[in-house]
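Visitor: Could you show me how to read a model like this one, feature by feature?
Guide: Gladly; let us look at it together.

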Amino acid sequence: MKQSQLFTRTKKESPADEVSLNAELLIRAGFINKEMAGVYSYLPLGLRVLKKIESIIREEMDNIGGTEMRTSVIQNKEVWEKSNRWDDEVVDNWFKTKLKNGTEVGLSFTNEEAYSNILKHYINSYKDLPIYPYDFKNIFRNEARSKSGILRGREFYWKALYSFSKDEKEHNEFYEKAKEAYKNIFKRAGIGHLTYLTFASGGSFSKFSHEFQTITSAGEDTIYVDENKGIAINKEVYNDEVLESLGVKKDDLVENKAVEVGNIFSLGTKFSAPFDLKYKDENGEEKLVIMGSYGIGLGRLMGTVVEVLSDDKGIIWPESIAPFKVHLLLLGGDENVKNEAGGLYNKLKEKNIEVLFDDRSDISAGEKFADSDLIGIPYRIVISKRSLADGGYEVKKRTESSGKIINIDELISLLETKN
RNA sequence: CGGGGUAUAGCGCAGCUUGGUAGCGCACUUGGUUUGGGCCCAGGGGGUCGUCAGUUCGAGUCUGGCUACCCCGACCA
């Protein structure tokens with residue numbers, strides 16, 4: 001994409017009504033637009049990042065047997081009454097509205113009921129199980145207070161997978177696979193080194209649920225990390241009994257603030273029972289389906305990456321989720337330099353290397369550098385009179401402090417290598 | 001939902017104490033100039049001062065209601 005066609009602009013100054021680092025940088029760099037508290041639009045750059053994250057999650061979900069679908073946002077009151085989650089006394093963050101004829105409806109704040117209701121049509125026999133449907137969609141929660149930029153929104157984009165298994169054993173096998181898939185996701189998104197499998201409260205069907213908590217001062221949760229074991233314990237279940245059952249010593253734990261970037265949960269028959277979600281086993285006996293839920297907030301993940309990986313100049317995207325791989329900067333108005341830059345731009349596009357080409361004229365070199373640092377694309381290539389005189393293009397990673405001059409062949413080979 | 005703060009041009013702010021018809025920086029625009037770290041010079045456009053009511057000859061400024069936003073706390077199935 002040519003930057004002259006990108007309508008967003010960077011801002012030097014931080015927005016007055018944002019304190020969180022993620023929102024400040026993402027707004028300044030032109031990735032998101034704030035509509036109101038807890039509600040953000042994704043601009044071209046932001047959407048590219050969101051889609052990259054979506055692709056990683058989709059690959060990992062498909063890899064463990066997930067089948068993608070899309071549940072509706074508008075939800076039927078009667079469905080949610082079955083599980084007693086329609087009443088405002090029970091769930092206080094519904095967005096509810098009415099159809100023209102007066103029928104009450106709600107906007108999805110989660111998906112268990114929708115999936116249970118749909119899958120009832122398709123689960124009859126043990127031969128139909130297990131299945132792992134999931135979707136990406138916008139979720140709505142009427143939070144009393146929204147904060148921390150895109151870490152906690154009233155409208156947010158998430159992935160939710162639900163597992164439908166014949167029995168506990170089958171459920172547990174998948175649950176372990178899901179853990180590994182989640183670890184892969186956070187590793188691939190660039191925050192694996194700071195993200196811990198965390199034991200949290202489990203509800204009535206299992207002792208624990210598992211959260212994936214990324215350590216950052218921007219976090220709202222408090223966790224106790226055992227660095228050697230690579231696990232953590234949420235403050236909400238932190239007590240002597242739990243420590244003993246996990247074989248963890250108090251002295252090995254370090255307290256940290258963290259963001260919950262993912263959560264997996266054994267649901268047992270909590271939803272299959274009220275929805276009468278049963279199958280016939282080999283003996284013709286009816287049994288309740290065992291369910292689990294597996295969620296990730298994509299916006300929250302994106303915001304967490306910004307919180308964790310930025311520096312004082314701007315964002316530092318991991319290559320896996322960066323809006324582009326390469327930021328090509330053209331400096332100066334010399335025709336020869338322009339032609340070289342345009343030629344390289346076309347060449348990179350031919351090679352399917354994603355490139356943002358700063359072809360803007362009348363923008364000083366300093367401003368282009370500052371924009372590039374703020375936007376945070378992994379590779380910066382500079383073409384100028386000076387670079388050409390020195391024999392080629394200056395390439396610098398966002399994480400490096402200075403670049404080096406290389407020729408076209410070296411450049412292509414560098415950018416084509418996977419890492 | 002409880003407590004605290006804020007609201008003036010697209011963005012960031014000053015002006016309010018002491019009422020007299022709105023200003024600065026960035027951005028935008030025109031011309032010139034410059035091109036390796038957020039240039040330079042000259043000109044220009046853009047604001048019913050969140051909203052409603054009140055006090056006053058006169059309100060951005062004083063008073064009250066409302067709304068929105070931010071922070072702390074509670075909540076987060």
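Guide: A starting definition: Ala, Val, Leu, Ile, Met, Phe, Trp, Tyr, Cys and Pro count as nonpolar, Asp, Glu, Lys and Arg as charged, and the others, Gly among them, as polar. A residue is near a strand or molecule if its C-beta atom, placed from the backbone, lies within 6 Å of it. With those classes, the surface near RNA strand B divides into 14 nonpolar, 11 polar and 17 charged residues.

Visitor: How are things labelled, and what kind of model is this?
Guide: Residues are numbered from 1 along each chain as its sequence is written, while chains are lettered from A and ligands numbered from 1 in the order in which they are written. This is a predicted model, where local features need pLDDT of at least 70, side-chain atom pairs count only at pLDDT 80 or more, and totals for chains, interfaces and linings use all residues.

Visitor: What confidence values does the predictor give?
Guide: pLDDT is the predictor's confidence in each residue, from 0 to 100. For chain A the mean pLDDT is 94, and 100% of the residues reach 70 or more. The complex as a whole gets an ipTM of 0.93 and a pTM of 0.97.

Visitor: Which residues come nearest to RNA strand B?
Guide: Out of 42 residues around the strand, Asp17, Ala37, Gly332, Ala365 and Gly366 come nearest. Two elements, α9 (365-375) and α10 (385-389), give two or more residues to this surface. The largest share, 8 residues, comes from α9. Helices (H or I, at least four residues) and strands (E, at least two) are DSSP runs, numbered from the N terminus.

Visitor: Which residues of α9 are buried?
Guide: A residue is buried if 20 or more other C-beta atoms lie within 10 Å of its own, exposed if 12 or fewer, and partly exposed in between, with C-beta atoms placed from the backbone. In α9, Asp371, Ser372, Asp373 and Ile375 are buried. Their cover includes α2 (44-63), β17 (326-330) and β19 (379-383). Just after the helix, Gly376 takes a positive phi of about 80 degrees.

Visitor: How many residues are in the largest nonpolar core?
Guide: In soluble globular proteins, nonpolar side chains tend to be buried together. A nonpolar core here is a set of buried Ala, Val, Leu, Ile, Met, Phe, Trp, Tyr and Cys residues joined through C-beta atoms within 7 Å. The largest has 99 residues, and those with the most contacts inside it are Leu26, Ile53, Ala189, Met302, Leu328 and Ile381. This core draws at least three residues from each of domain 1 (3-309) and domain 2 (326-416), bounds that come from an automatic or database domain assignment.

Visitor: Why does Met302 count as buried?
Guide: Met302 is buried because 27 other C-beta atoms lie within 10 Å. Met302 belongs to helix α7 (residues 298-309). Contact means C-beta atoms, placed from the backbone, within 7 Å. Leaving aside neighbours within four places in sequence, Met302 is in contact with Val49, Leu50, Ile53 and Ile150. Met302 and Ile150 are 152 residues apart in sequence, yet 8.2 Å apart in space, C-alpha to C-alpha.

Visitor: How far apart do the C-alpha centres of domain 1 and domain 2 lie?
Guide: They lie 39 Å apart. The contact takes 6 residues from domain 1 and 8 residues from domain 2. On the domain 1 side, the touching residues divide into 2 nonpolar, 3 polar and 1 charged.

Technical notes:
Two residues are in contact if their C-beta atoms, placed from the backbone, lie within 7 Å.
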